[in-house]
Amino acid sequence: MPLWLRLPRITVSLPNSLLEEVDVMVPMEYKNRSDFIAEAMKLFISEKKKLDIIEKLREGYKEMSQINLAFAEMGLEQDILELATYEASLKRQAIL
């Protein structure tokens, strides 16, 4: 049985202007409208997945920025404490 007989069929309604654009492109790179539409759908799904991943990364970076800021502030507090301790030890040594 040929592949085209085993594939599910769908009906798509398009504005005439869009169909005219499709019909201009089909002979250039595709066998028929079905191949063109299948390729367009694959491209759309692929791009949508990429955009979803980018959005998840953006959210993750935002969340991590708050965590990184907290760690940086903890490190700064520790540095200030160590500096104060060091300066105090220098003053004690100068007095002795």
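**Before you look: what "buried" means.** A residue counts as buried when its relative accessible area is under 20%, and as exposed when that value is over 50%. Keep that cut-off handy for the views of this predicted model.

**View 1. Ser89 in its helix.** Let's start with one serine. Ser89 sits in helix 3, which covers residues 33–95. Its relative accessibility comes out at 19%, so Ser89 goes in the buried group, because the cut-off is under 20%. And what does the side chain of Ser89 reach at 2.7 Å? That partner is the backbone oxygen of Tyr86.

**View 2. The helices of the chain.** Now for the rest of the protein chain: how many helices and strands are there? You'll count three helices and zero strands. Read from the N terminus, the order is simply α-α-α.

**View 3. How far the chain stretches.** Follow the C-alpha trace along its principal axes and you get a span of about 100 × 35 × 20 Å. The radius of gyration of the protein chain is 32 Å, while a compact globule of 96 residues would have one near 12 Å.

**View 4. The surface.** Buried residues, Ser89 being one of them, make up just 4% of the 96 residues in the chain. The chain exposes about 9200 Å², and 63% of that comes from carbon and sulfur atoms.

**View 5. The charges.** Here the protein chain shows 13 positive and 16 negative charges. Take the mean position of each set, and the two points lie 8 Å apart.

Notes: Residues are numbered from 1 along each chain as its sequence is written. This is a predicted model: local features need pLDDT of at least 70, side-chain atom pairs count only at pLDDT 80 or more; totals for chains, interfaces and linings use all residues. Side-chain values use heavy atoms; hydrogens and water are left out. Helices (H or I, at least four residues) and strands (E, at least two) are DSSP runs, numbered from the N terminus. Buried means under 20% relative accessible area, exposed over 50%, partly exposed in between (1.4 Å probe, protein chains only). A polar contact is a pair of N or O atoms within 3.5 Å; within protein, one must be able to donate a hydrogen and the other to accept it, and residues adjacent in sequence count only if both atoms are side-chain atoms. The radius of gyration is taken over C-alpha atoms; the globule rule is 2.2 Å times the number of residues to the power 0.38. Accessible areas come from the Shrake-Rupley method with a 1.4 Å probe; for residues, only the protein chains shown count as cover. Lys and Arg count as positive and Asp and Glu as negative; His and the chain ends are not counted. The place of a charge is taken as NZ of Lys, CZ of Arg, CG of Asp or CD of Glu.
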